[in-house]
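Hi,

Here is the structure I said I'd pass along. Have a look at it first, and my notes follow underneath.

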Amino acid sequence: MTAVRCYPGIKAREPIGHYIIAYHEPATIMKIFSSAQIKAADAYTIAQEPVSSLQLMERAAEKCAAWLDLHFTPQTPFHIFCGMGNNGGDGWVIARLLLKKGYTVTAYLLHHTTRQSADNAANQQVFREQYPQHVRDIYEVGDFPVLASPCVIVDAIFGTGLNRAIDGWVAGIIHKINDQRNGNTIVAIDIPSGMLADASSLHIPTVKAHHTLSFEFYKLAFLMPENAAIAGEVHVLPIGLHPEYITHTPVRFHLTDPEMIHTIYQPRDPFAHKGTYGHALLIAGSYGKMGAAVLSAKACLHTGAGLVSSYIPECGYNIMQIAEPCAMCITDIHPHYNSHFQEVFRNNETTDQYKCIGIGPGLGTETATAKALEKLLELYNRPMVIDADALNILASYPYLLRKVPPGSILTPHPKEFTRLFGPSANHFDRLELLSQKAVSTQLYILLKGRYTAMACPDGAVYFNPTGNPGMATGGSGDVLTGILTSLLAQGYSPKAALLLGTYLHGMAGDLAAAKYSQEAMAATDIITCLGQAFLYIKGL
Ligand SMILES: NC(=O)C1=CN([C@@H]2O[C@H](COP(=O)(O)OP(=O)(O)OC[C@H]3O[C@@H](n4cnc5c(N)ncnc54)[C@H](O)[C@@H]3O)[C@@H](O)[C@H]2O)[C@@H](O)CC1
Ligand SMILES: Nc1ncnc2c1ncn2[C@@H]1O[C@H](COP(=O)(O)OP(=O)(O)O)[C@@H](O)[C@H]1O
Ligand SMILES: [K+]
């Protein structure tokens, strides 16, 4: 198994420093297709390549068998559960290929319908003829076998053709499979059976896989936090679907990939001076939360802004000057929180000097702060970064949302998102709400999580693949605010800053985890690793 994070699309590399990042996954265009589009890609490939549907099934199953052979040995017995559709067809071919490689295999057919797909029938017939003693039939829950551990259970019951929740005795079989999780390994083919690729699978029976071998693409469902315990580790296996279909078919959902990030990244001009890369201002901190201001200022500096100023309450002056001598410091008249943002306004105009303003980390939600934020939103007209308590202020005074400069980036975590826009029944509904709000407000909204979702004013949503649970530690979000503010100050467009900044943040987090462990790393380590993340992105 891969012990460290993979970056999809990146080839294996030499060790970076004294730790290693493994890059195993194949290069694929990271579009997220719906089940219907995947079916269409399948049909397009069969028509254009040309290749028969049986050959395509063989190709997909070969990839799965090769993956299984790489991760297991013939000492481990395999139990392959096949449905009646093409997912089951994959199962028959995988069973045949593993037997040829010397594995002990038993294949089970679930008679959940009398309508078998043609390719399933063809492959089942071949298998039954060659290996009749390796087949068992399942008509009811009582037919579920007693399995000796450790074994590998391959779930090829339902794939993307599932159109409703599984019920009846087949649901009983799904529960039986899940009962075998401890001590055995469950590998789902294409998608865990029961899981819907494009809709919520909450409260419906699904196989809970340790690994999912997904053909060609990620499915939207794999990126949803509510499905974290269902798909396990997802491995995307290319099966050669037609590149023309993939390139030309428009999608709403994307997964950012290294190539995309490399093209966004702009190298520095050799004749640059500190004015070239913008003056960033971070309005942050309050008594007891000066760390948030320091983290965002440091991250802003280490992402390349020409000049960084931090606007903080008086109590934070020494803290900031000592913690970050490279940042300039402006203090509010209030000792404990930011109340006026004076200096940012002159003669009721914001000065031109700040190319981007980031606001929110550790800010507090005092009434005076809210009033000052309102004035700032009225006077400043460039895209801003709005995070943490600045978002909480927007949630308390919803009319302020209309005053946010167009193209600004909001960076809520799920709780802040709910405060701003209300609750959702499941994560698919929340994604829809996220996208709708980005369109209706004409803002970029970044919803934080394992796969941070970045919604754009045109309705597109990009998911970020980098990052790890080591980043679930206080201050990680403050670092992101600094990074995004810095990129905007340097002249990146809001969309470019959003995609590049979020990727960098997660990658620096992955490098920090590889160096210090997910447990020991802190938000400061993410900043320390930004340099290596930049070097990596440049070198792609
Ligand atoms: N993506 C691709 O291009 C390829 C896909 N292949 C496989 O094809 C699969 C899709 O195959 P199919 O479209 O045949 O669909 P599935 O194999 O996912 O399932 C369809 C079968 O399930 C039944 N069914 C649907 N919903 C049900 C429910 N709620 N309860 C009980 N039965 C239900 C249908 O009547 C049908 O028999 C993919 O997931 C993948 O495994 C591969 O064979 C080759 C290439
Ligand atoms: N399990 C995880 N996998 C990937 N990224 C994570 C994970 N947990 C947290 N993060 C990232 O860490 C950051 C945490 O932000 P936030 O909750 O605002 O922290 P804080 O308010 O403490 O600064 C987000 O960018 C989020 O995407
Ligand atoms: K499956």
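Val154 pairs with Val187 as its bridge partner in β6. That contact belongs to a parallel pairing in which 4 bridges join β5 to β6 (residues 185-189). To get from β5 to β6, the chain passes through helix α5 (residues 168-179), and this β-α-β crossover is right-handed. Bear in mind that the model is predicted.

β5 also pairs with β2 (residues 78-82): the two run parallel, with 5 bridges between them. Here Val154 in β5 has Ile80 standing opposite.

So which way do the residues of β5 point? Val152, Val154 and Ala156 go one way, while Ile153 and Asp155 go the other. That fits the usual pattern, because side chains in a regular strand alternate between the two faces of the sheet. As for cover, 5 of the 5 residues in β5 (residues 152-156) are buried, and that includes Asp155.

Now for ligand 1, which is probably your part. There are 31 residues around ligand 1, and those that come nearest are Asp42, Gly85, Asn86, Gly159 and Gly161. Three helices give two or more residues each to this shell: α1 (35-48), α2 (53-71) and α3 (86-100). Of these, α3 provides the largest share, with 5 residues.

What is the shell around ligand 1 like in terms of nonpolar, polar and charged residues? The residues split into 13 nonpolar, 13 polar and 5 charged.

Cheers

Technical notes: Residues numbered from 1 in each chain as written. Chains lettered and ligands numbered in written order. Predicted model: local features only at pLDDT ≥ 70, side-chain atom pairs only at ≥ 80, totals over all residues. Buried ≥ 20, exposed ≤ 12 C-beta atoms within 10 Å, placed from the backbone. Pairing = 2+ DSSP bridges. Right-handed = clockwise from strand over helix to strand, strands pointing away. Near = placed C-beta within 6 Å. Nonpolar A, V, L, I, M, F, W, Y, C, P; charged D, E, K, R; others polar.
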